[in-house]
Amino acid sequence: QAVGTAFTVRLRDNDVEVTVAEGVVELFTQQDTSAPQLGEKTTSPQWRSLTALSVNESAVFDKGISHREKLDKSTLKQKLMWRDGFLAFSGESLADVVAEMSRYTDLEISIADPDLRDMPIAGSYEAGNIQGMFDSLERAFGIKAERDVDGRVVLSREA
């Protein structure tokens with residue numbers, strides 16, 4: 001529920017992330033209700049308020065709040081860059097960066113070296129410009145991107 005607001009909602013694997021740039025957004029979750037028995041009338045879902053977020057706040061939730069934070073202006077700007085076609089990272093793992101960039105391409109990308117998965121990555125990339133990300137990873141982090149026989153891109157350390 002939002003009134004006079006600017007906010008983003010991101011559906012993730014098992015939860016939702018909401019970031020508020022203006023106004024106040026109240027977060028609700030659906031109450032657990034048992035399934036109706038045979039012959040019983042179905043009822044509309046029941047909602048439970050979790051919290052209200054205000055300007056420069058972000059929260060991750062499902063049935064409850066798993067993470068909530070107050071954002072400084074630069075972090076808020078970074079989280080909202082996708083609206084201008086860019087994705088910004090400031091220390092996220094390579095695995096997280098690849099997962100986020102993969103949302104903008106059909107190209108399958110894998111990380112060959114398990115030690116690379118946790119490597120912290122900082123930078124901004126144009127959403128959908130996968131080759132630009134590969135070029136940057138090679139120049140800044142020594143990570144090469146090569147296509148395998150199946151057409152998948154495999155990221156590994158430069159030899």
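These are short notes on a surface patch and a three-stranded sheet in a predicted model.

1. Ground rules. Local features need pLDDT of at least 70, side-chain atom pairs count only at pLDDT 80 or more, and totals for chains, interfaces and linings use all residues. Numbering starts from 1 along each chain as its sequence is written, and side-chain values use heavy atoms, without hydrogens or water.

2. The sheet. Three strands (DSSP E runs of at least two residues, numbered from the N terminus) form an open sheet in the order 7-10-9. The pairing is mixed; a pair needs at least two DSSP bridges. Strand 7 (109-111) and strand 9 (143-147) each have a single partner strand, so one side of each lacks a neighbour in the sheet. Neighbouring strands are turned by 30 degrees on average, direction ignored.

3. The 9-10 pair. Strand 10 (residues 153-157) pairs with strand 9 in the antiparallel sense, over five bridges. Lys144 has Ser156 of strand 10 as its bridge partner.

4. The helices (DSSP H or I runs of at least four residues). Helix 3 (residues 130-141) packs on the sheet, touching strand 7, strand 9 and strand 10; contact means heavy atoms within 4.5 Å. Its direction makes about 140 degrees with that of strand 9. Helix 2 (residues 94-102) lies across strand 7, strand 9 and strand 10, at about 175 degrees to strand 7. Angles run from 0 to 180 degrees between N-to-C directions, with axes fitted to C-alpha atoms, for helices over the stretch in contact.

5. The patch. Phe7 sits in strand 1 (residues 2-11). Phe7 is partly exposed (between 20% and 50% relative accessible area, 1.4 Å probe, protein chains only), at 36%. Phe7, Val9 and Leu11 make a nonpolar surface patch of about 300 Å². Patch members have over 30% relative accessible area and no salt bridge, with nonpolar side chains joined within 5 Å; a salt bridge puts a Lys or Arg side-chain nitrogen within 4 Å of an Asp or Glu carboxyl oxygen.

Definitions and conventions
Patches are made of residues with over 30% relative accessible area and no salt bridge: like charges are joined within 9 Å, nonpolar side chains (Val, Leu, Ile, Met, Phe, Trp, Tyr) within 5 Å. Accessible areas come from the Shrake-Rupley method with a 1.4 Å probe; for residues, only the protein chains shown count as cover.
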